[in-house]
Amino acid sequence: MTTLAVKGIQSFARGGVKALTSLAVSTATNAITRALDNRVFEGPRLETFLLQTSRDGAPLPRVFGRVRLAGEVIWASQVRETQTDQSVGGKGGGPTQLDYSYSISFAVSLCEGEILGVERIWANGEVLQRGDLTIRIHTGSETQGPDPVIAATEAGDIPAFRGTAYIVFEDFPLDDYGARLPSINAEVVRGLRGGGRMEEMIQSVNLLPGSGEFALSPTIVEETPAPGKTIPSNMNNLSGQADLLTSLDQLQAELPNCRHVSLISSWFGTSLDAGECEIHPGAERLDRILPDATWSVAGQMRSSAYIVSADEDGRANYGGTPSDDSVIACIQTLKQRGFAVTLYPFLLMDAPNFPWRGRIAAQSDADVISFFGTDKDFQFRHSILHHARLAQAAGGVDAIVIGTELRTLTTFREGERFPVVEQLQALAADVRAIVGPSTKITYAADWSEYFGVQNGGDVRYHLDPLWADPNIDAVGIDAYFPLSDWRDGSHLDKQTASRIHDLDYLRANVEGGEEYDWYYASPEDRDAQTRTPIDDPAYRYKDVRHWWCTAHEERRNGSVIGQSPWVPRSKPIWLMEIGCPAVNKGANQPNVFYDPKSSESALPYYSDGTRDDLVQRRYIEALLTHYGETNETGFLDLSRASVWAWDARPYPDFPARTEVWSDGPNWSLGHWLNGRTGLMPVADVIAELISDAGLETFDVSGVSGVLPGYIVDRPMSARAALGPLLQLY
């Protein structure tokens, strides 16, 4: 434990205090003896400045997870006075009013060690709106340099406060704080670095919500819900900036190695019958008034748009399709921040019970032709080609997706043909003509769809013509692979692991376990754990490696009838979606989600429905660690392994503001990363405290649980620091 009583730091801080407390600014008291209409009136001026000082010897707290801290001032400049004058008379001159405003630059220490970031700041108990302020967060690395404003203000050697996380406020306005520095509190996020932890492993995320008329806009869009009342529609936080920008700030701070974003943008399907299904961009309401913005998608204006369905209280069941302008601006914003961008057109089903798009079915070629449509009607082809044009309007993207998880459609068969696959090939060629050779193209297949169709002795690799198509650059898989078969009480997997959170246990099941070594032939077999071995690799959907590196022999009635067009090792695998819900036994069935309004809502097999943030974290770590250590040239591009999901609505406003976002309650058991990055496994906290006490041999493998936040607020023994954890966990 270090303290602020380090001589160099404290003498430097006291020097700043001394300069401030000796500052005296006099107030003019004599009227200027001129003609009445030339007199100058002065507003209040600052006589004395009171500074919230550092406490000598105050300890630097040590934090784990997400905590709120009171800061200590470690440096401050002199007060800066700004004078403004304006005439208060009429034409031809008159009295002049002199007004004064004051600002100061200062630094506030937070804690010992390196943090991921600072999410919220309070000044005198009120959340600070940061949009118009210049604030720099120094995360406390051992290599950080001096702050530029401190270096520009002070002479001589300037401390960088290495190993200390601190905030610098530059030209902070004092007018609203009674001529003194406000008391600063900050919400700090610290995750342990290294050791294969989730925060440092994630290189790509899927960016939600994908719906919301201006949810993706980096500029604030105002609306008028009633005469004389104006509110920001996409600034539902106190940062002073659009929700998207605040969320991206959090993303970059908390997932420091994330360099790729898969941007979701949704249109709406109206039916599970492909021949009847219409696909539209949707608006939320007809009566929405936006004084300075216009919602427009593919030429559709609000007055003529498809309006998404509403619940019995009149609230839209979905946010509307993001406006074209906001999608373009979001792509450009992401690129400016250094992200590679995949544009991910999405199909949400605005049909009874809100089913999954993978259940859309065709009965004939005519149904398929109707579903895809042309570039002129509002059907599937138009949606994809419009997004391709948006990508070009934004200056290009790294990749674009031409569809996702159309499982029932792609497996529809007319004789020996798969008509939807033919349509996707034609669509890929049309997209290529728009985006050119520099943009990569793929289709995001469901994990149970990408590898083929098996029916008894028949094996057809139905998507292989698409995967082999010259306009397709990679094999896209939404890879929600089960990594556990955990139950309460006694069960088979307990013979190899003591708990579901065991990282080695989960890793062993990435290329092993269910749907690799064995499968359940029926729900009854699952309940009884009667496992049927898988001897034929053609039936292992988790064996992505074998599928990728071998030729695909197609069969009829068990006899080989030829090879598919797939060339082994010819294209990389992109894991377009990976993730796990934060719910008890989530790794048993990571593809399911809990949303009471949807017919697809479900809990994982044998889950009791309680929240479990640790299983989500361990699932992601297991999948990425295993593939990272066993990858081979050309196989998996893990820089594109996109975790589902990061939300453009910033935490904690989402999920807390349920009056704005009706899906907020789904966050608790959902796949969201927001609010879960920086959480600390209790085992990791114990391990760090024990290691720092000098012990090298210990075992925390039996420790479960995740800490929202924990503070060691003063020097103490490791035993004392561990005491509260042992009591709670």
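A pocket is an open set of grid points with protein on both sides within 12 Å along at least five of seven lines, and its lining residues have an atom within 4 Å of a point. The structure described here is a predicted model.

**The second largest pocket**

The second largest pocket holds about 660 Å³ of space. Its lining has 31 residues, and those closest to the centre of the pocket are Val118, Glu119, Arg130, Asp249 and Gln250. Strand 6 (117-123), strand 8 (134-138) and helix 4 (243-254) each give at least two residues to this lining. Helix 4 has the largest share, with six residues. Sorted by class, the lining of the second largest pocket contains 15 nonpolar, nine polar and seven charged residues.

**Cavities**

Empty space inside a structure can be found by rolling a probe the size of a water molecule over the atoms. Three cavities of 30 Å³ or more are counted in this model. The largest cavity has about 70 Å³ of space. Which elements each supply at least two residues of its lining? They are strand 20 (340-349), helix 7 (380-393) and strand 21 (399-404). Residues lining the largest cavity include Ile279, Phe346, Arg357, Phe380 and Thr404. By class, this lining is made of seven nonpolar, three polar and one charged residues.

**Two aspartates**

Asp485 lies in the loop between strand 25 (475-478) and helix 11 (503-508). Is Asp485 buried or exposed? Its relative accessible area is 2%, so Asp485 is buried. The side chain of Asp485 forms a polar contact of 2.8 Å with the side chain of Arg531. Leaving out residues up to four places away in sequence, Asp485 touches His491, Asp493, Tyr505, Trp518, Tyr520, Gln529, Arg531 and Asn588.

Asp536 sits in the loop between strand 27 (532-533) and helix 13 (544-549). Asp536 counts as partly exposed because its relative accessibility is 23%, and the range for that class runs from 20% to 50%. The side chain of Asp536 is in polar contact with the side chain of Arg555, at 2.6 Å. A polar atom of the Asp536 side chain also lies 3.0 Å from the backbone nitrogen of Ala538. Between Asp536 and Tyr516 there are 9.7 Å from C-alpha to C-alpha, and the two are 20 residues apart in sequence.

**Backbone angles**

Two peptide bonds in the model are described here as cis. One runs from Trp644 to Ala645, with omega near 5°. Ala645 belongs to strand 31 (residues 642-647). Another cis peptide bond joins Tyr651 and Pro652, where omega is about 5°. Pro652 is in the loop between strand 31 and helix 15 (653-656).

The table lists residues that have a positive phi although they are not glycines.

| Residue | Phi | Relative accessible area | Place |
|---|---|---|---|
| Phe161 | about 50° | 4% | loop between helix 2 (148-153) and strand 9 (164-173) |
| Tyr606 | about 65° | 29% | loop between strand 30 (573-577) and helix 14 (613-630) |

Phe161 has a relative accessible area of 4% and is therefore buried. Tyr606, at 29%, is partly exposed.

How values were computed:
Residues numbered from 1 in each chain as written. Predicted model: local features only at pLDDT ≥ 70, side-chain atom pairs only at ≥ 80, totals over all residues. Heavy atoms only, no water. 1 Å grid on protein atoms, 1.4 Å probe; cavity = no way out; pocket = protein on both sides within 12 Å on 5 of 7 lines; lining within 4 Å. Points joined across faces, edges and corners; volume = space filled by probe spheres on them. Nonpolar A, V, L, I, M, F, W, Y, C, P; charged D, E, K, R; others polar. Buried < 20%, exposed > 50% of the residue type's maximum accessible area, 1.4 Å probe, protein only. Polar contact = N/O pair within 3.5 Å; in protein donor to acceptor, adjacent residues only side chain to side chain. Contact = heavy atoms within 4.5 Å.
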